[in-house]
Each structure stands twice: as structure tokens, then as C-alpha cells.
Amino acid sequence: MTSRWLLFLLALVLLLHENNAAVMSIDYGTEWFKVGLIKPGLPLDVVLNKDSKRKTQSVVTVRDNERVYGSDAISLAGRFPQYTYFNLKSIIGKQYDDPHCVEYRHRYVNKMIVDVDRHMPLFLHNNTKQVTIEELIAYQFQNAKEQASITAGESVKDVVITVTPFAHQYERQAILDAAELAGLNVLSLMHDETAVALNFAVNRDIGKEPESHIFYDMGAGSTVASIVTFSEVPVKEGKKSPTAPQLEVKSVGYDRTLGGHEFDVRIRQLLADSFMEQNKHRVQEDIRNSDAAMTRLLKEATRVKQILSANTETMASVEGIYNGIDFKVKVTRNQLERVCHDLIDRVRNPILNALEAANMTADDIKSVVLVGGGIRVPSVQNELVGLMGFQKIAKNVNGDEAAVLGAAFRGASLSNQFRLSKRISIKDISLYPIEVSYIPENKGIEAKHPTHTILFRESSLIGVRKVMGFNRVTDFEFEIAHGKDTNAGLNSIGKYKVTGLTEAMKKHKDDIKTTEQPPKVRVSIELTNSGLVQVPEAFLHVKKVTFKDKVKSFFGGKETKNETTSDTDTNNNTDTDKDISTDEPEESVSIIKVPLTIEFIPTEIVPLTEVDKVQAKESIKALDKLDKMKKLREESKNALETFVYRVQDFLYEDIVEIIASEDDIGNFREKLSEISEWLYDEGEHADTPIYVNKLKELQMIEQPIKYRYVEYKERQNNINHIQSIINLSRKFVEDIRAKSEDLRQYTEDEIAVLANMTESVHEWFENTLNAQKKLSERDQPVLTSASVAEKIKSLQEHMKKLLKKKAKLPKKEAKNETEESKEDENKKEETSDKKEDTPEKKSEEDHQHDEL
């Protein structure tokens with residue numbers, strides 16, 4: 001924990017509820033994921049996994065209904081590549097024929113098929129079970145949840161998950177669905193670089209002058225450059241207007257496929273070429289046709305890349321890589337740069353695109369903060385230095401953990417369990433425009449062509465709701481899309497069917513006839529903090545003429561207040577960026593708001609339906625049950641194995657030979673050896689009840705030996721303890737009786753009870769001790785720790801009861817009348833002196849005040 005995070009911890013202070021509720025964060029990447037945790041009483045930090053590592057590989061192996069994660073899954077990937085799933089983030093929320101999915105099928109051996117109903121890929125696992133990508137990612141989220149819950153000591157559900165800023169609607173929705181399947185409650189999705197920027201802002205003081213920084217994040221799958229401006233902005237708090245820090249994302253540049261994993265693939269290709277060159281006369285078939293060999297080569301390529309980040313050359317080595325042949329070759333940094341030259345040429349583009357979108361130059365940027373594992377490649381850093389200058393390259397942020405810690409801070413601010421003394425406002429953006437299209441009506445006749453309205457422009461703020469008016473009198477549909485040439489990965493978000501309008505118009509036709517203002521359809525469209533487009537509600541607004549309106553109409557009166565009306569044109573009468581309240585007439589007009597029904601109709605991509613979710617949850621529940629059974633089996637096996645080793649050592653202690661016979665010890669050792677051999681033979685895969693029963697059997701044999709062992713070791717301590725208590729009680733009685741009767745606070749009966757009890761305990765102790773001496777150490781003891789503790793407790797409780805009584809104070813001697821009268825006179829003189837001194841002191845103070 002660095003000192004700067006101690007400042008942050010001071011901001012997280014007061015818990016609003018009595019129950020300790022923790023909040024977690026997941027920085028879910030293509031290659032790794034990290035888990036953050038904040039809980040009252042625990043510092044904000046990154047959670048350790050079962051290997052005590054601060055990050056976990058984003059890999060899951062599913063074999064024989066058993067799920068294995070992280071490094072364990074990596075170890076199994078070489079033997080079971082078809083059951084091991086890598087890089088799922090790169091294909092989530094994408095169509096089957098998307099270039100990312102096509103490339104995935106070329107690089108990995110998992111059997112991917114098309115989901116004809118959803119137009120998305122899914123996996124045919126073990127040639128029997130169809131598994132969605134959301135479900136596979138849910139497995140990893142469950143693992144993240146388990147890590148956080150173990151650290152927190154309670155079940156953790158509230159979470160903030162990071163996503164790339166260029167993720168479209170269905171990529172974000174798929175992450176939310178995966179989290180739901182994993183039993184998580186997503187407080188918000190958050191852009192990776194915005195989370196890093198928030199972490200950056202928490203650890204520094206924001207100056208009065210705005211300053212802009214670029215957060216350059218090259219992860220395993222993609223590269224993003226975000227320009228963020230930090231400033232102090234005024235906030236309203238009653239009559240005061242203090243300032244508070246704010247981070248505002250100005251623009252984002254990105255490259256979807258430029259990442260560390262692409263470097264790994266190029267190095268793997270280099271290693272495969274080297275192997276074939278070395279062994280062209282020894283192998284008949286190309287190593288690239290071996291799924292297991294290529295999986296192991298990819299793992300070695302990743303290691304080689306990491307070493308070449310700090311060294312100019314290294315040795316790549318894999319034992320028995322193909323046909324039992326060992327492979328070893330030297331790889332240099334120059335070779336890496338040569339095979340990745342086209343990737344290195346693309347390093348600058350995200351920054352250049354971000355600067356252009358923000359209408360800025362390099363001079364407007366204070367620093368470039370480097371994030372992600374890909375930036376460790378020296379040639380990547382050289383490109384950035386050449387573009388921005390060496391002085392502007394900042395490395396004062398932990399590139400691996402900044403995002404997950406920033407997301408955890410965001411979670412604390414969103415959770416109602418925390419109150420922050422320091423708040424940082426966030427203004428983030430959506431990269432793609434949001435367009436609404438529908439067919440308008442004019443007097444009940446539909447237009448020939450739809451009208452298109454840009455509701456949210458490119459780089460619009462997220463967390464915004466707008467209300468759009470539709471010129472319709474019958475049920476209708478409208479479509480929300482990103483528009484053409486947006487590079488969003490999909491065009492149409494979906495269609496929305498509004499029903500209930502036709503019926504509402506018929507129901508309120510009398511009110512409509514009596515008013516000059518036409519009815520209006522108002523639909524709320526929201527761009528949420530998670531970057532998703534949602535349509536939460538739709539209403540028909542009908543003006544109802546009041547009695548006041550009727551009177552004015554009868555006398556020809558006119559309303560003097562102006563009503564705010566919608567901007568319209570003759571074709572579509574579409575208006576945007578207006579709140580419902582701005583379109584309502586003044587108080588004298590009654591507005592009837594009729595709720596309308598909204599039905600979402602997906603178009604290009606279909607998210608998980610409720611039926612799909614139920615089926616996936618049942619599948620996950622069954623796997624959870626198997627995992628729990630496996631865990632219990634492993635725990636019971638480990639408990640039996642640990643018991644055997646411990647007791648085998650225990651039987652060699654000297655005391656055991658004193659309190660147990662040679663036959664008992666020998667038979668027990670024989671039994672332990674039998675169980676030990678069984679554990680590594682036929683008991684290797686035994687069921688949980690068998691382990692439990694064998695452990696109980698051994699514990700029954702050990703219990704009497706262990707009992708005599710403990711009593712033998714504690715006997716002298718018990719003797720010393722009870723003797724000291726008896727002596728203390730006797731001394732207590734002796735001291736009380738030594739006092740004169742007028743100074744005693746205890747009656748003779750109370751003292752006698754304690755004295756008799758003391759002698760009774762002493763008599764019991766002497767008799768029991770003598771009986772114990774007559775016994776063998778291998779017999780059941782009679783002077784036990786439990787019986788001694790009971791006698792000691794009875795004496796202690798009685799002494800405490802007596803000690804609670806207050807001691808009597810000696811009587812004061814009576815004073816004679818002369819002394820009392822002198823004391824009274826002295827008191828009166830002192831009082832009069834004080835009264836005379838007071839006004840003088842006050843006048844002196846007033847005088848000094850006047851001089852001032």
C-alpha cells in the first residue's frame with residue numbers, strides 16, 4: 001500500500017448502515033482480470049487469488065463438469081486445448097461473422113458454432129453441450145466474486161466492471177448479463193481509462209487551472225488513448241458555492257486489434273518457423289497443425305515477450321513440444337521488432353486521433369500516463385517518446401492496478417454504504433452517435449419516408465436522459481441506431497414498438513376535441529452511466545380543458561401566460577433535448593398523462609432472453625453444486641491426510657510413551673500407516689463420506705491418548721494454581737478477621753462461609769491428589785483440568801462477591817464550637833475580599849478595552 005492511497009482511505013470514512021456491506025470492482029481484460037475490494041474496516045486494495053497473486057489469467061477450463069481458472073487452466077491448456085477458453089472478451093457481444101470471431105476460430109481450437117436465433121457465436125463444448133460466451137465469462141466473474149468474498153469475510157455482490165470505451169450496446173449488455181448469471185449486482189460499467197483517470201485524480205491535488213492528460217492504455221486486446229481534463233468546478237451546497245474536482249473526458253482514440261496478444265501471436269509464428277527449420281528432416285507434418293503444440297508455443301511466446309522487454313535477447317525453450325522433440329532457440333529484440341513492425345507503426349494513431357477529435361495539439365497535453373502490459377515493449381515506448389517527447393511520458397501510475405482501484409472508488413461513491421468526504425465528479429462520453437428514425441403521421445396518414453433525428457451526437461455525455469416528441473396518433477415503431485460509418489461494430493441497436501396509443505386516443509377523443517392543443521407522444525430515451533441506450537417510458541399527453549378555460553372561452557378571454565411549445569416542422573414535428581415539464585402548459589391547464597407500452601425488438605444482435613438466462617442459471621447452479629462437493633471432498637481428504645501426518649509425529653513424543661502402552665502406540669502406528677497407504681492408492685478418488693468416516697475412526701483411537709497427554713502436561717500447573725487460590729482465600733479471611741469489628745464491612749457469617757468453602761476445596765484437593773498418585777499414568781486421571789477449574793471458579797466467585805462490598809470509613813471527630821465559629825469568620829472574610837476584588841478587575845479590563 002503506497003502512501004498516496006492512505007490519503008484516499010481518509011476520504012472513505014462513515015458507514016451509513018450497521019451491516020458491513022463491501023463493494024468490489026473487476027477490471028476484466030482480454031488476458032488478465034483484477035479484483036478490487038473496499039469494505040468498512042478494510043483498506044481499499046487489490047484482492048489476492050488462491051495463488052496469492054494480484055491478478056488472474058482470463059482463462060477457464062471446463063473438463064468433466066469441473067471448472068478450473070487462471071494459472072491452473074493455463075497448465076491444463078496444453079493437454080486439453082479444446083476444453084480451455086482464452087480471450088473471451090474479444091468476441092463477446094459480436095456477430096458470428098464478425099472479423100474478431102473469424103480470427104478467433106483461426107487461432108483457437110474450441111468448436112465455435114453459430115446461434116441462429118441470436119446471430120452470435122457459441123461453443124459446442126465436448127461435442128454435447130452448447131455454452132454461450134456470457135456463461136463462460138460468468139464462470140470467471142464467479143471466481144472473482146469468490147476471491148472478494150473470501151477477503152471480505154462475507155458475500156460480496158455489488159460491483160463496478162470496466163469495459164473499453166468503444167464497446168457497443170450489445171458488448172456492454174453481454175457483460176451485464178454475464179454478471180447477472182454470476183450473481184453480481186452491477187452498480188455501473190466504467191470505461192477503463194476513465195477508471196485510471198479517477199485513480200489518478202484521487203492521488204493528487206487538482207489545481208485551479210485546468211490541465212489535460214492523455215491516458216494511453218495498451219492492453220492485451222486493444223489500445224485506447226483518452227484525453228482527460230482535470231479542473232476545479234463550483235458546486236452548490238445551500239448558500240455556499242465551494243469548488244470540487246472534476247474529470248472530463250474530452251476525446252478518445254483507439255485501435256481495436258492493437259494489443260499485447262497480437263505481439264504474442266507474431267512471436268509464436270516466429271517460434272513455429274524456427275522449429276520447422278530446425279527439424280525439417282525429423283517431422284513429416286507442420287507443427288501448426290498440432291493444437292496442443294501451438295497452445296504451448298503461445299504460452300512460451302508470452303514469456304519471451306516479457307523477457308525481451310528488459311533484455312535484448314533470450315532463449316525460448318519447450319520440452320517435448322512436438323513428436324517428443326525438445327525445442328530451443330535464441331530470440332532477439334531485433335527479431336521481435338522485425339516481425340511486429342506493422343504493429344509498431346500503429347502505436348501513434350490512437351493519440352493522433354484523440355488530439356484531432358479534441359481539437360488539441362501535443363502542446364496542450366501536460367503528460368501521457370502509460371497503462372497496460374503492452375506499453376512495456378521498448379519499441380512501443382520509443383514511438384510514444386518520439387510523438388510526445390520524453391518529458392511528457394509519465395510512469396507515476398501503477399499500470400496494472402490503476403483501473404481496478406479507480407473502479408472500486410467509483411463503486412464506493414455509488415453505493416449507499418459509504419459517505420465520501422471527497423467527491424470527484426465525472427463527465428464521460430459515448431463515442432458513437434445515437435439516431436432515432438420513425439415514420440410520422442399527418443392527420444392519421446403516414447408519410448412515405450421515415451424521418452431521422454440525431455438524438456445524441458458523437459462524444460455526447462453519458463448519464464443523460466432526453467425526451468423526444470413523436471407526431472403519431474396510432475401505435476407505431478421507431479428504430480434506434482448508431483448511424484452509418486460509425487465503426488461501432490453494428491449499425492442498428494434495435495426497434496421499439498409503442499402500443500396503447502390508438503386505444504388512448506379513442507378513450508380521450510372528447511378531451512382532444514375540446515382543446516386547440518394537439519395531443520403529444522413523449523418518449524424518454526436515456527444514455528445511461530453504463531453507456532447503454534434505454535427507453536424507460538412513453539406517455540401520451542392530452543390537454544383537458546378546465547372550468548377556468550371554459551369560462552374564459554365563453555367571455556372571449558385569453559390566457560396571458562405563454563406556453564412553451566415544441567419545435568416542429570411540417571414533415572416530422574420532431575423535437576429533442578426538451579424535458580417533459582417544459583412542454584406542459586401553465587397551472588390553469590390540466591394535462592392527462594397516459595402511460596404507453598414499450599416493447600423492445602432486437603435487430604442485428606439478440607441479447608440473452610429471460611428463458612436463456614434461466615437455463616444458464618440452472619446450468620451454473622448444477623456446476624456450483626459439483627464445485628461445492630469437490631471442495632468438500634478435497635477438504636475432507638486434506639483433513640484426513642493432515643491428521644495422519646500430525647499423529648504419526650505425535651506418537652514419537654516422550655510423553656506419549658509415558659501415558660500410553662507400547663501395544664497401544666504400536667497398533668495406532670500400524671493403523672495410521674494403513675490409512676496413509678490407502679490414501680495414495682485406492683483412496684485417491686474416494687468419496688467424501690469415506691474420508692470423513694476414516695477420520696472419525698482415527699480420532700476415536702487418538703482421543704483417550706490425547707486426553708491423558710494433555711492432563712499429564714497440565715497437572716503440575718493445575719496443582720500450583722489451586723494451591724495459590726486456596727492460600728489466597730485463606731489470607732483474605734485472615735486479613736479480614738485481623739481488623740476490628742467496627743472496621744469490617746463483612747459479617748462473621750459471610751467470612752465463615754468463605755472459610756468453610758476454602759477448607760472444603762482444600763480437603764477435596766488433598767484427597768484427589770492422593771488418589772491420582774496411586775494411579776498409573778496410563779490410567780484415566782482423576783485430578784483433571786476440568787475439575788480443578790470448577791473448584792477454582794467457585795472460590796473466585798465468592799471472593800469477588802465479598803470484594804464488591806464497600807469498606808467502612810472511620811468516623812470523624814466532632815469539632816468544638818470555638819473552632820467552628822473561627823472557620824465561619826474566615827470563610828466570610830474570604831468571600832468579602834473576593835467581592836471587593838471583582839469590580840476592580842472588571843474596571844481594569846474595561847479601561848484596557850477603551851484604550852484599544
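**Exercise 1. Find which elements cover the buried residues of helix α11, and describe the two sides of this helix.**

Solution. In this predicted model, the cover over the buried residues of α11 includes β14 (211–218), β15 (223–234), β16 (243–255), β19 (365–371) and α12 (378–388); helices (H or I, at least four residues) and strands (E, at least two) are DSSP runs, numbered from the N terminus. The next step is to name what is covered: in α11 (residues 349–358), the buried residues are P350, I351, A354, L355 and A358, where buried means under 20% relative accessible area, exposed over 50% and partly exposed in between, with a 1.4 Å probe and protein chains only. These residues span an arc of only 130 degrees around the axis, which means that they lie on the same side of α11; the arc is that of the directions from the helix axis to the C-beta atoms. On the other side of α11, E356 and A357 are exposed. Finally, the residue that follows α11 is N359, and its phi is positive, near 60 degrees.

Residues are numbered from 1 along each chain as its sequence is written, and side-chain values use heavy atoms, with hydrogens and water left out. Because the model is predicted, local features need pLDDT of at least 70 and side-chain atom pairs count only at pLDDT 80 or more, while totals for chains, interfaces and linings use all residues.

**Exercise 2. Decide whether R118 is buried or exposed, and list what it touches.**

Solution. Begin with the place of R118, which is the loop between β9 (112–115) and β10 (120–125). R118 has a relative accessibility of 5%, and therefore counts as buried. Leaving out residues up to four places away in sequence, R118 touches T132, E134, E604, I605, V606, P607, L608 and D612, a contact being heavy atoms within 4.5 Å.

**Exercise 3. Describe the hairpin that β17 and β18 form.**

Solution. Strand β17 (residues 313–322) runs antiparallel to strand β18 (residues 325–332), and seven bridges join them; two strands pair if DSSP finds at least two bridges between them. As one example of a bridge, T314 has V331 in β18 as its partner. The hairpin has two residues between its strands, and N323 in the turn has a positive phi of about 55 degrees.

**Exercise 4. State how confident the predictor is along the chain.**

Solution. The average pLDDT of the protein chain is 85, and 86% of the residues score at least 70; pLDDT is the predictor's confidence in each residue, from 0 to 100. Over residues 1–19 the pLDDT is below 50, although this stretch has 40 contacts in the model beyond near neighbours in sequence.
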